[in-house]
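Student: I have a structure to study and some questions about it. Can we go through them one at a time?

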Amino acid sequence: MAPVTQSSYVSDPSKLDLDLTRLPKLVVPKRYELKIDAYPDKCQYSGTVNIRVFFNGQGISIVWLHSVRLTIQEASIRFSSFSLPVKASEIISVPSKECIGIKFSCPIENGERAWLSIRFKGKISNGLEGFFSNPYVNKQGEKCLGAATMFAATEARTCFPCFDEPEFKAVFALEITVAPHLTTISNMPIMDTKTERLKNGQVRKTDYFEWTREMSTYLVCFVIGEYEYLETKTRDGRVVVRVYTPWGQREQGRFGLDVGRKSLEFFNDYFGRRYPLPKMDLVALSRLSVGAMENWGVITCRETGLITDLDKANPATLQSIATLIAHEISHQWFGNLVTMKWWDGLYLNEGFATLMQYMCIDSIYPEFRVFDRFCSDTVIPALGMDALQHSHPIEMPLENTSGISQMFDKITYCKGASVMFMLHEFIGADNFKNAIQEYMHQFSYDNATTEDLWHYLSVASGKNVDEIMLPWIRELGFPLVQVQYKFRDGAAFLELFQERFAGTSHHLRPTIWSIPLKGVYVNNRNELVTFEVLFDKSSIEIQLKDFDVTDPKCWVKLNPRLSGFYRVQYGETLFKKISDNLSNEHLTAIDRMSIFEDQVAMVLSEGGSSIRVLQMVAIFKDFETNAMVWKSVCRILQQFRTLTWSNEDLANSFEEFCLQTLRPVLDNLGYHVKSNETHNDTLLRSVLFTRLADLGDQNVQALAKDMFQQHIDETFLIPRGMKEAVFRAVMETATQTTFQQMLMLYRNYELAEDRVGVLHALGCAQDPNILSQALNFAVSPEVQPQESITVLIAASSTRHGHKMMWQFFTLNLDVILERYLGGLFLLGKLLRSVCECFTDHDSFREVEAFFAQNMYKFQGEEHLVEQAREHVELNVHWRDKDSANVQYFLESYFNA
Ligand SMILES: [Zn+2]
């Protein structure tokens, strides 16, 4: 009889003679056979994992691997198919390192190969990570519980014992046993299914999946539930693409299916290697902490990220779905086929995929003009966040896993993509693509580091990419380029200086970046001239030919198309020239947006005043029609509004300025959707309508009420792109009846997209009693955590709601943290928005005191609190320095 396995706990890992921060490389996994027997309705499962391991060291008696919150029932090892399994003598558990050590009584020789078998039990969690519950509605309309997995970054270990680091790539064969009516989906196709009747009469079905290719544990995935699907194949007929949707929503998956197939075909060409798996599934889940997850061969998405009604959808929704899917599909190569060695290289995966999502969609749906969105949704937010003292370098040493969640932020995704785009523009699209293809070829089914990528980019371009990129990725922050006009010896010059953009990070040491600087100017013959230089010292001069500063048509713009990750500050003369020529045909919408955003950023640092910003807004009123520019203007006007809220007169006067600015633009565009209008016009109407409603515009509110009533009576279909805007407008002045009608809509809507639209509107209620009901509804079990956050964020942003939302946040902190802590992006978004509208000293003190008292509750996410706190600090600073300027501007505007 074999001895009973002992188990022991090590609470202080420093007593071990090895550091388990990273697993020792002495035992290497090659294959996993993973069997899961799941009861999603009871939130329970049991499993067996057989791992083929190679031993790389002498006399190993303990096999260390990851396992968290699992009950290990038995572990054994078998050296050949002829030998008997040897039972483990002890299971050592080291919870603080999320590891277990499986000890064998006799040491194992170097070079041995064996099958390690572990039997275990676990719980399907109620959270959003690991192996978690996923509610769905079945064909009969009944609410049921399914389950799904989300293993990034280090959650595979909470589902099954494994070597849970990206570098331990192995192949996987999965067997999943469930009740026979359930569908299972995993990385590979099902090759066989068997059903059996258990002794207790229960019937169980086992799906056997094909072996995967070599891959990292965080990309393993399986989903259990009841779904419908649509199917197509790639042009070459090699890959089956499916979209799995809840019952009754199959047709709303068609756009996602189309994007999935076209993206696969685009990346087959771009990477110069065909997608290696036989199928690509996209599955819509009712609960997921992130927008989507790139598991190899089975991308999981939130319902809002995959399902939409193509005929009624807002163009913004279509763009979001398209870019999200393209992002995850690009990961199938960059991330899945070639994987970062360790999580400190996450920005390589995420920055690259973020850039690629735009390149791909720009190529397959050029009418979406997604590069405008790249600037507004990626480059500008990254510049904003990287100006904070509590930002971080894109790449930083990451010694242990507790810091990994901090890497999932705008710096990793958006700054990563922005500096990658800068490099793309600097070395040229062809060189960039050739280097990526070579890198893919070299590291397929393997892992790589940043240095590896820089090496191939250097070889392809003949430029020293390594050296150029160093400060961009290893330093916090980015440069400010100051540019002055100089006239000397009969010639015109630009004089350029670079320094760190200050924000609040004055204490940081000076850095010189190698800036791939581009510029354009119009000369006195009305020709557009471009120039390009690697700006790698503290100052340089550039000569402008045939440039006459007194000629009204001459102007200069640095950083055209916002292809460089830096801010530009123009001297007085140059700023006057460019603001006089804002409507010039050679300035793109991105250029206008970037000039505007640079001015705004300058206000927050020492060098600028709000007057310039508001003057630009007044100029845009007369000619601007681009939706992205107005989106940016509206966001900034909203930020300015918050400065005025503590002074009733100033606040009213500022709102009047906003109304007078935005109203004529909507008047020109028209309040009703025209047939065959451009995406831009539909988007623009939605942006202006929402903002005008928020400002209390009577016409907009009356029209919205009318549309809403007809929508409730089912006599009118709210047009494309207008639903959310109408709902918000109505909620601003909602009565109890309207609120109940909204709840009814929420409960009746099948599409998650529609439900989220209602939630957004709920947070806009001005009546404190109704807002309070809306907030309580948001955190009730009826609303999924990733969706409820929209109510809280909306409430935080309104003049009437933000203080009440703060109170709600402080009183319900524990409930809120339980929902969002560990949910990757959710908590950061929420923290930032609850603080965003505070601009006075008293509020700052209150925010500081509250966080100081409760910091211990934010373990592992303290940096998010610091970032939110710093935002308030910046606001207070801005208000002190600039509210007199805002007042001065408004007086002269209204008296002009
Ligand atoms: Zn990604």
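Student: Which loop holds Arg369?
Tutor: This is a predicted model, and Arg369 sits between two helices in it. One is α4 (370–386) and the other is α3 (346–364). The answer is the loop between α3 and α4.

Student: What is the phi of Arg369?
Tutor: Most residues other than glycine have a negative phi. Arg369 is not a glycine, yet its phi is positive. The value is about 45°.

Student: Is Arg369 buried, partly exposed or exposed?
Tutor: Its relative accessible area is 48%. Buried means under 20%, and exposed means over 50%. The value for Arg369 falls in between, so the residue is partly exposed.

Student: Is Asp489 buried or exposed?
Tutor: Asp489 lies in the loop between β24 (479–488) and β25 (491–500). Its phi is positive too, near 45°. Its relative accessible area is 77%. The cut-off for exposed is over 50%, so Asp489 is exposed.

Student: Which residues coordinate the zinc ion?
Tutor: Look for the donor atoms, at 1.9 to 2.1 Å from the zinc ion. Two are NE2 atoms of histidines, and an OE atom comes from a glutamate. In sequence the donor residues follow the spacing H-x3-H-x18-E. They are His327, His331 and Glu350.

Student: Why are His327 and His331 separated by about one helical turn?
Tutor: Both belong to helix α2 (residues 315–331). Both are also buried. The separation is about one turn because the two histidines are four residues apart in α2.

Student: Which two residues does a cis peptide bond join?
Tutor: Most peptide bonds are trans. Here is a cis one, with omega about -5°. One partner, Ala153, is in the loop between β11 (143–150) and β12 (171–178). The bond joins Ala152 and Ala153.

Student: Which residue in the turn between β7 and β8 has a positive phi?
Tutor: β7 (residues 90–94) pairs with β8 over five bridges, in the antiparallel sense. The two strands form a hairpin with four residues between them. In that turn, a phi of about 55° belongs to Glu98.

Student: Which residue in β8 stands opposite Val63?
Tutor: Strand β4 (residues 60–66) is joined to β8 (residues 99–108) by six bridges. These two strands run antiparallel. Elsewhere in β8, Lys103 stands opposite Glu90. The residue opposite Val63 is Ile102.

How values were computed:
Residues numbered from 1 in each chain as written. Predicted model: local features only at pLDDT ≥ 70, side-chain atom pairs only at ≥ 80, totals over all residues. Heavy atoms only, no water. Donors = N, O, S within 2.8 Å, 3.2 Å for Na, K, Ca; no water. Buried < 20%, exposed > 50% of the residue type's maximum accessible area, 1.4 Å probe, protein only. Pairing = 2+ DSSP bridges.
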